[in-house]
Amino acid sequence: MSETFRERALVLDAADPLADRRKLFALDDGVYLDGNSLGALPVHVPARVQDVLTRQWGELRIRSWDESGWWTAPERIGDRIAPLVGAAAGQIVVSDSTSVNVFKAVVAATRLAALAGEGRDEILVDATTFPTDGYIAASAARLTGHRIVPVDPADVTEALGDRTAAVLLNQVDFRTGRLHDLPALTAAVHAAGAIAVWDLCHSAGALPVGLDEHGVDLAVGCTYKYLNGGPGSPAYLYVAERHQAAFDSPLPGWNSHADPFGMTPDYAPADGSVRGRVGTPDIVSMLTLEAALDVWDGVSVDAVRAKSLALTDFFLECVAAYAPEGRVTSVTPVAHAERGSQVALRCAEAEPVMRRLIERGVVGDLRRPDVLRFGFTPLYVGFADAERAARVLAEVLEETPAG
């Protein structure tokens, strides 16, 4: 049976229109299925970073703010990310971390909601969210006098009301890989008169998002997962054009001032996405990200999504065929409309199993206590990788005593 799946994998890889992208990344002979935590290094990035260090910083020094385009980098790189999340230019600024941008977005959302009238004192938060989002939202609520209402994304519509100011949701659940219905949930939030804030960390670069098309108000995301920007690469903030004039950041820094070098005591916000800035950008990480985004040149996000679904379908099929019965159970939805670009398998022996997988060259990760996560980055993961990962998983399960 394994030969059948291996043969199918070879046929699928031969027909893959994205297969040539793999050579753009620094990969070894293993199977890397952890791009949903840290994307692989594009091979051209080190030389570009060396230029930033030796020429732009080492030779030009302060002149690089103008001559090397450092000052405009946050908006310029934001415009490169924009097509990957379905946004027109001028609405995304790259800066700070995801957590900081969540704080900006949630507080700004409550201020936007207040412009429409009083009485909206609740912030709905995805109860299954990545913990930091919940921590930040709770702090924002304390600071603004709002009340946090944790709710399962499936129950958001019923939880909305005339007291809802803002709703913070993840498009893809980081544990299970479940894809939530961004268009329908955004429409429901708007119907209730509230502001929709989306976390795109596990969706941007893996599937079409459609921020403009679906009328999203604010969004945040990281760049070190499917966008391959490198460890700790700066995050981004999307502010829909219709909200930019009223966007009131809770962190008004000199970099977002209308006259940043005027050094005036009073704050006057700049126009456009620049309002999302705070302080001096992290230039080395910023320009590393800019270089990494070159791998997206000429790539259709729709093609990425099609391959992602095919890969995860094939992996699930291989796991079902290879794995000992009853040892793993998928918690990732089967329906394509409900699936991101990862597969999460519940396994009682998750920790030793993942450790042995990594020892054998299949790199995924786990979420305690019992979830094995396998992230499929279509730009560099192939069908032979998926088959090998499932086969090695089955071998490890056979060797690992059931708990």
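Helices in this talk are DSSP runs of H or I with at least four residues, strands are runs of E with at least two, and both are numbered from the N terminus. With that settled, the place of Ser37 can be stated: the loop between β1, residues 31-32, and α2, residues 45-60. The model on the screen is a predicted one.

I will stay with Ser37 for a moment. Its C-alpha atom is separated by 8.0 Å from that of Gly375, and 338 residues of chain lie between the two positions. What does Ser37 touch, once neighbours within four places in sequence are left aside? The contacts are Tyr224, Lys225, Asp365, Arg367 and Arg373.

A second long-range pair involves Asp13, which sits in helix α1, residues 2-14. Asp13 and Asp385 are 372 residues apart along the chain, with their C-alpha atoms separated by 9.8 Å. Not counting residues up to four places away in sequence, Asp13 touches Ala19, Gly382, Phe383 and Ala384. Its relative accessibility is 21%, so Asp13 counts as partly exposed; the cut-off for buried is under 20%.

Next, helix packing. Two packed helices are described by the angle between their axes and the distance between the axes. I have three pairs.

The first pair is α10, residues 301-322, with α12. Their axes come within 9 Å and cross at roughly 25°. Angles under 35 degrees count as roughly parallel, and α10 and α12 are therefore roughly parallel to each other. The crossing is right-handed. On the α10 side the contact is made by Lys307, Ala310, Leu311, Phe314, Phe315, Cys318, Val319 and Tyr322. On the α12 side it is made by Phe383, Ala386, Glu387, Ala389, Ala390, Arg391, Leu393 and Ala394. By class, that gives 13 nonpolar residues, three charged and no polar.

The second pair also uses α12, residues 383-399, this time with α11, residues 350-359. The angle is about 130° and the axes are 10 Å apart. That angle makes α11 oblique to α12. The crossing of α11 and α12 is right-handed. Val353, Arg356 and Leu357 of α11 meet Val392, Leu393, Val396, Leu397 and Glu399 of α12. Six residues of this contact are nonpolar, two are charged and none is polar.

The third pair is α4, residues 73-81, and α9, residues 283-292. They pack at an angle of about 30°, with axes 10 Å apart, and that makes α4 roughly parallel to α9. Which hand does the crossing of α4 and α9 have? It is left-handed. Ala73, Pro74, Arg76, Ile77, Arg80 and Ile81 supply the α4 side, and Met286, Leu287, Leu289 and Glu290 the α9 side. The class count for this contact is seven nonpolar, three charged and no polar.

Helix α4 has further partners. Its buried residues are Ala73, Pro74, Glu75, Ile77, Gly78 and Ile81. These pack against β2 (92-94), β8 (236-239) and α9.

Now the nonpolar cores. The largest has 88 residues, and Leu200, Phe315 and Leu345 have the most contacts inside it. Phe315 was named earlier, in the contact of α10 with α12. Leu345, leaving out residues up to four places away in sequence, touches a list that includes Phe315, Leu316, Val319, Val328, Phe374 and Leu393. The list also holds Thr329, Ser330 and Asp370. Another core, of 26 residues, lies apart from the largest one, with Leu112, Ile123, Leu218 and Val220 among them.

Last, backbone geometry. Most residues other than glycine have a negative phi, and most peptide bonds are trans. Three places here depart from that.

The peptide bond from Arg368 to Pro369 is cis, with omega near 10°. Pro369 lies in the loop between β12 (365-367) and β13 (371-375).

Asn228 has a positive phi, near 60°. It is found in the loop between β7 (218-221) and β8. Is Asn228 buried or exposed? At 2% relative accessibility, Asn228 counts as buried.

Met263 also has a positive phi, near 55°, and is found in the loop between β8 and α9. At 59% relative accessibility, Met263 counts as exposed.

That is the end of my list.

Notes
Residues numbered from 1 in each chain as written. Predicted model: local features only at pLDDT ≥ 70, side-chain atom pairs only at ≥ 80, totals over all residues. Heavy atoms only, no water. Axes fitted to C-alpha atoms, helices over the stretch in contact; angles between N-to-C directions. Parallel < 35°, antiparallel > 145°, perpendicular 65-115°, else oblique. Left-handed = near helix turned anticlockwise from the far one by under 90°. Contact = heavy atoms within 4.5 Å. Nonpolar A, V, L, I, M, F, W, Y, C, P; charged D, E, K, R; others polar. Core = buried A, V, L, I, M, F, W, Y, C linked by side-chain atoms within 4.5 Å. Buried < 20%, exposed > 50% of the residue type's maximum accessible area, 1.4 Å probe, protein only.
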